[in-house]
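The following account leads the reader through one protein structure, from a single loop residue to the cores, the charged pairs and the aromatic rings. Please keep the sequence and the model in view while reading.

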Amino acid sequence: MKLIFCDMDGSLLNRRSKISPRTLETLIKLQEKGIGIILSSGRHINSLKKYGNMLHFEKYPMSGYSCNNGQAYHDHLGNKIFEHERLNYDDYLKVRKYAKDHHYGFIVYIKNKRIMFHYNESLLVRLLHLHIPIHVDTIFDKFVYFGRPSFDTQGLDYSCSLVDPYWLEIGPKGVDKGTMLERIAEYRHIDLKDTIAFGNGENDLPMLIKAGTGVAMGNALEHVKELSNAVCDDYDRDGIGKYLEELLL
């Protein structure tokens, strides 16, 4: 194994948003053996660097960050190496109109900051959020629909995936964690069979399917488990750490 891709929320991070000591120690040992750790997340790089610091990425050039659900790749020092297509203002207008028509809660992320639009809330709340200016040259990290037990995405020409039943993430069509996994492996001259990925949500599925070994967390959505090669323990019981200890240490 040469590259390990770890989803963050619900996978590498426990319910307190921390990497447990056991898993942290395991990942550091694997980096010492020359294996790269890629933090693969819907988050912006600014929200991931603190975890890279905990893992001492500065010592390990093979490690890095796959950010915004596969839109950008940053190296072990946080420098951007390349990116895929990004979301622009026209995308924002289309996805926002769809949210308004369907009465979905709507969040936009811009440089790691989030702005919410509550179309199903009171007039006062809606007015407060709708008056936040968004400029035509804005580039977005991602869009999110939230607050409903199911979402109709028919007619949305974007990559749409459930993180949990009440949270749907939206990105550019054809851009996901799987396409970025392939691109990073190619950049590092690593065969896909020498990659392993861990995840729990629908946005992790492309990565779990493309990796040589895709491992669903014990707390993953059921269909994510069904489409993965293996299932490990859950995010609150060192699922990733224990699986890698048995496999590689």
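**A guided reading of the model**

Asparagine 219 is partly exposed, with a relative accessible area of 29%. The model in which this residue is examined is a predicted one. Asparagine 219 belongs to the loop that runs between strand S12 (213–216) and helix H7 (222–226). Leaving aside residues up to four places away in sequence, asparagine 219 touches Gly10, Asn200, Asp234 and Tyr235. With glycine 10 there is a specific polar contact: the side chain of asparagine 219 reaches the backbone oxygen of that glycine at 2.9 Å. Aspartate 236 is 17 residues from asparagine 219 in sequence, and the C-alpha atoms of the two are 9.0 Å apart in space.

From this loop one may turn to the interior. In soluble globular proteins, nonpolar side chains tend to be buried together. In this model the largest nonpolar core comprises 29 residues, and those with the most contacts inside it are Ile4, Leu12, Leu39, Phe198 and Leu244. Two or more residues of this core come from each of strand S1 (3–6), helix H1 (21–32), strand S2 (36–40), helix H2 (45–54), strand S3 (64–67), strand S11 (195–199) and helix H8 (239–248). A second core, separate from the largest one, has 21 residues, among them Val95, Tyr98, Ile115 and Phe151.

Charged side chains supply another set of links, and the count of salt bridges comes to 18. One of them joins arginine 43 to aspartate 9, with the closest N and O atoms 2.7 Å apart. Arginine 43 is placed in the loop between S2 and H2, and aspartate 9 in the loop between S1 and H1, so this pair ties together parts that are 34 residues apart in sequence. The partners differ in burial class: arginine 43 counts as buried at 18% relative accessibility, under the 20% limit for that class, whereas aspartate 9 is partly exposed at 36%.

A further salt bridge brings together the side chains of glutamate 245 and arginine 22, at 2.8 Å from N to O. Glutamate 245 is part of helix H8 and arginine 22 part of helix H1; the pair therefore ties together parts that are 223 residues apart in sequence. Glutamate 245 is partly exposed at 23% relative accessibility, and arginine 22 is partly exposed at 37%.

Helix H1 also holds a salt bridge of its own, between glutamate 25 and lysine 29, whose closest N and O atoms are 3.4 Å apart. What separates these two residues along the helix? They are 4 residues apart in H1, which means a separation of about one helical turn. An α-helix has 3.6 residues a turn, so residues three or four places apart point the same way. Glutamate 25 is partly exposed, with a relative accessible area of 47%, and lysine 29 is partly exposed with 38%. Elsewhere, Lys80, Glu83, Arg86 and Asp141 are linked in a network of salt bridges.

The aromatic rings may be considered next. The structure holds 14 aromatic pairs. In one of them, the ring centres of phenylalanine 106 and phenylalanine 143 are 5.8 Å apart and the ring planes stand at 55°, so the pair is classed as tilted. Phenylalanine 106 lies in strand S6 (residues 105–110) and phenylalanine 143 in strand S8 (residues 142–146), so the pair ties together parts that are 37 residues apart in sequence. Both of these phenylalanines are buried. They also belong to a cluster in which ring pairs link Tyr89, Tyr92, Tyr98, Tyr104, Phe106, Phe140, Phe143, Tyr145 and Phe151. Tyr98 and Phe151 of this cluster are also included in the second nonpolar core.

Charges sit over rings as well. Lysine 142 lies over the face of tyrosine 109, at 4.9 Å from the ring centre. The charged end of arginine 183 is found over the ring of phenylalanine 82, 4.1 Å from its centre.

The reading closes with helix H5. In this helix, which spans residues 177–187, the buried residues are Lys177, Gly178, Thr179, Met180, Leu181, Ile184 and Ala185. Aspartate 176 caps the N-terminal end of H5, with a side-chain oxygen 2.8 Å from the backbone nitrogen of glycine 178. Just after H5, histidine 189 takes a positive phi of about 60°.

Technical notes
Residues numbered from 1 in each chain as written. Predicted model: local features only at pLDDT ≥ 70, side-chain atom pairs only at ≥ 80, totals over all residues. Heavy atoms only, no water. Core = buried A, V, L, I, M, F, W, Y, C linked by side-chain atoms within 4.5 Å. Buried < 20%, exposed > 50% of the residue type's maximum accessible area, 1.4 Å probe, protein only. Polar contact = N/O pair within 3.5 Å; in protein donor to acceptor, adjacent residues only side chain to side chain. Salt bridge = Lys/Arg side-chain N within 4 Å of Asp/Glu carboxyl O. Phe/Tyr/Trp six-rings, centres within 6.5 Å; stacked < 30°, edge-to-face > 60°. Lys NZ or Arg CZ within 6 Å of the ring centre and 35° of its normal. Contact = heavy atoms within 4.5 Å.
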